[in-house]
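User: Hey, I've got a structure open and I'm not sure where to start. Can you walk me through a few spots?

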Amino acid sequence: MPEFAPNSWEARANAHVLYGFTDMPSLHARGPVVLTHGRGIHVFDVHGRSWIDANSGLWNMVAGFDHKGLAEAAKAQYDRFPGYHAFFGRLSDQTVELSERLIEVSPFPDGKVFFTSSGSEANDTMVKMLWFINTVKGRPEKRKIITRENGYHGVTVATASMTGKPYNKWFGLPLPEFKRVSCPHYWRHGEPGESEADYVARLAAELEALIEAEGPQTIAGFFAEPVMGAGGVIVPPAGYFQAIAPVLRRHGIPLISDEVICGFGRTGSIWGCQTYDFMPDAIISSKNLTAGYFPMGAVILGPELATALTEAAEEVEEFVHGFTASGHPVGCAVALKAIDVVLREGLFENLRAVAPRFQGRLRALADLPHIGEARGVGLMGALEAVADKDTKEPFPAELSISERIANTCMDNGLICRPLGQAIVLCPPFIITEGEIDRLFDLLEKSLRQVFREIG
Ligand SMILES: *Cc1c(COP(=O)(O)O)cnc(C)c1O
C-alpha cells in the first residue's frame, strides 16, 4: 500500500471502511479512490483527478453524474413528503403514479408492481412470491429455482444462491433448492465445428434434461438476464430464448427476466426481452430505474403471476412481505423523473444514435493481439483477453490480466471494470460520439501498454 498521510481521505477510509467487491491486492498496491463529485460522464476525486466513468458507476448512472432535473425531483419530493412505507394499504401518491407508469412502459398491460430497495431484494422478493403462491395453492414442493452459470442476481442468501459465480462457495452457497444450467456463451463454450443453432439446441436439451431429472412439479421458476451483465456482457446466441422459452412453458415454469441492467434502454430497446424477442412472466428492475439517483428495485408481475399472487394473498389474508422503504415516495418521484429523462428527454434516442459508434470502436479492438472476443449490444460491451487468440487459452490467473488492464486504464484517466479476464464497458446514455472516441482512445492506449509490458 502506498504511504498515506494519517489524516488523508485514503488513510481514513482504510481505517474504518470494510470494502466489498474490492480486489485486495489492487487495493493494497494502489489505495482507495475517494470521489467527491461528477460532471457528465466524468467523476472527480479528493485530489482533483478525474476519470471518464465507462461503467456508469455500476451500470446505473445512465443520466450522468450531475443531472439537474433528477436532483430537483428528489428535492421537490423531500419538501412535499419525505418518506413513507407501503404497508397496511397506506402508500404515497408517487407510488401509485410510478406503478401506473411502469406498467405503461412494461410489456404487461395488466401487470402489477411491488417495490424494493435494491435489485437483490427484488429478485429475493420474486422468489418469495413464487414460493408463497405455490405454498398457498397447495403445491408446496414447487420451490426449486433454476439460473445459469455466470448469471448475476444479487447477494442476499437466496440471490447469491442464484448467482452462478464460483465465489459463492465461500459462503457455503448455493442452498440446495437452487439449480444451474450452462452459461450461454457460444464463443467460449461452443464445441469445435458446432454451429450456433446446434449449440442453442444443446442448451435447450440440457435445460429440459435438468427439469425432467428434478421433476417439473418441483421447479418454481427460471431466472435469466437477457444479456448477462456481471457475467461479462454475455450476449445470448441467436435463438437462445426462442429455444428455452417453450421448454419452460411446456413444463409450467415461469420465466423471469432479470432486467436490472438491461432495463430502460441499455440493450437498445426499453427491455432486454424486447431486444431478444421473448415474453417473460415477470420483470425485475433496479439500477437504471432511478438512473442511480435513489436505491430502488421493482418486481413487475405479468398478468398471470399478478392474479395468482393476489388470489393467494386473499386466501391467507395478506402477502406477508415488504421492506420499510418499499415504494419510498422520494424513490418513486426520482424514478418517475428518470423514466421521463430516458424516454422523453432524449437519452434513449441518444443511446440508439451513438450505439453503432460504440460497437464499432469496440469491435475494432478485436484486431489487437490478446483480444479474443469483442462482444456487446446497445451501450454495453466487453473485451475478452486471451493468452492465445487461436486456441482461446486464457492468461494464467496469477497474471490478473483484467485487473492489470483496468489499473492501467485508471492511470490513463478511464474507469472500466475487470470481470474474469474481460474488460466491461457500459457508459452513461448521455455519452456523445466524441466522448466515445476519447474513451476508446484511452482504452486502446492502455491495452497496448499492458500487452507490451507482458510481452
Ligand atoms: C446489480 C444486479 C442485481 C443486484 O442488484 P443490487 O441493487 O446490487 O442488489 C441483480 N441482478 C442483476 C442482473 C444485476 O446486475
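Analyst: Sure, we'll go through one residue, a strand pair and a helix pair, and keep in mind that this is a predicted model.

User: Okay, where is His185 found?

Analyst: His185 is in the loop that links strand S6 (178-181) to helix H8 (186-189).

User: Is His185 buried or exposed?

Analyst: Its relative accessibility is 6%, so His185 counts as buried, the cut-off being under 20%.

User: Leaving aside its neighbours within four places in sequence, what is His185 in contact with?

Analyst: With that restriction, His185 is in contact with Gly190, Tyr199, Ile234, Glu373 and Arg375. With Glu373 there's a polar contact between the two side chains, at 2.8 Å.

User: Now strand S11, residues 371-377. Why is it described as largely enclosed?

Analyst: Because 6 of the 7 residues of S11 are buried, S11 is largely enclosed by the rest of the structure.

User: How many bridges join S11 to S12?

Analyst: There are 6 bridges, and S11 and S12 (residues 380-385) run antiparallel. For example, Val377 has Met380 in S12 as its bridge partner. The hairpin has 2 residues between the strands, and Gly378 there takes a positive phi near 55°.

User: Switching topic: how do the axes of helices H4 and H13 cross?

Analyst: The axes of H4 (residues 68-80) and H13 (residues 329-343) cross at roughly 150° and come within 9 Å. That angle is over 145 degrees, so H4 is roughly antiparallel to H13. Their crossing is right-handed.

User: Which residues meet there?

Analyst: Among them are Leu70, Ala73 and Tyr78 in H4, and Val330, Ala333 and Val341 in H13.

Definitions and conventions. Residues are numbered from 1 along each chain as its sequence is written. This is a predicted model: local features need pLDDT of at least 70, side-chain atom pairs count only at pLDDT 80 or more; totals for chains, interfaces and linings use all residues. Side-chain values use heavy atoms; hydrogens and water are left out. Helices (H or I, at least four residues) and strands (E, at least two) are DSSP runs, numbered from the N terminus. Buried means under 20% relative accessible area, exposed over 50%, partly exposed in between (1.4 Å probe, protein chains only). Contact means heavy atoms within 4.5 Å. A polar contact is a pair of N or O atoms within 3.5 Å; within protein, one must be able to donate a hydrogen and the other to accept it, and residues adjacent in sequence count only if both atoms are side-chain atoms. Two strands pair if DSSP finds at least two bridges between them. Axes are lines fitted to C-alpha atoms, for helices over the stretch in contact, and angles run from 0 to 180 degrees between N-to-C directions. Angles under 35 degrees count as roughly parallel, over 145 as roughly antiparallel, 65 to 115 as roughly perpendicular and the rest as oblique. A crossing is left-handed if the near helix is turned anticlockwise from the far one by less than a right angle, and right-handed if clockwise.
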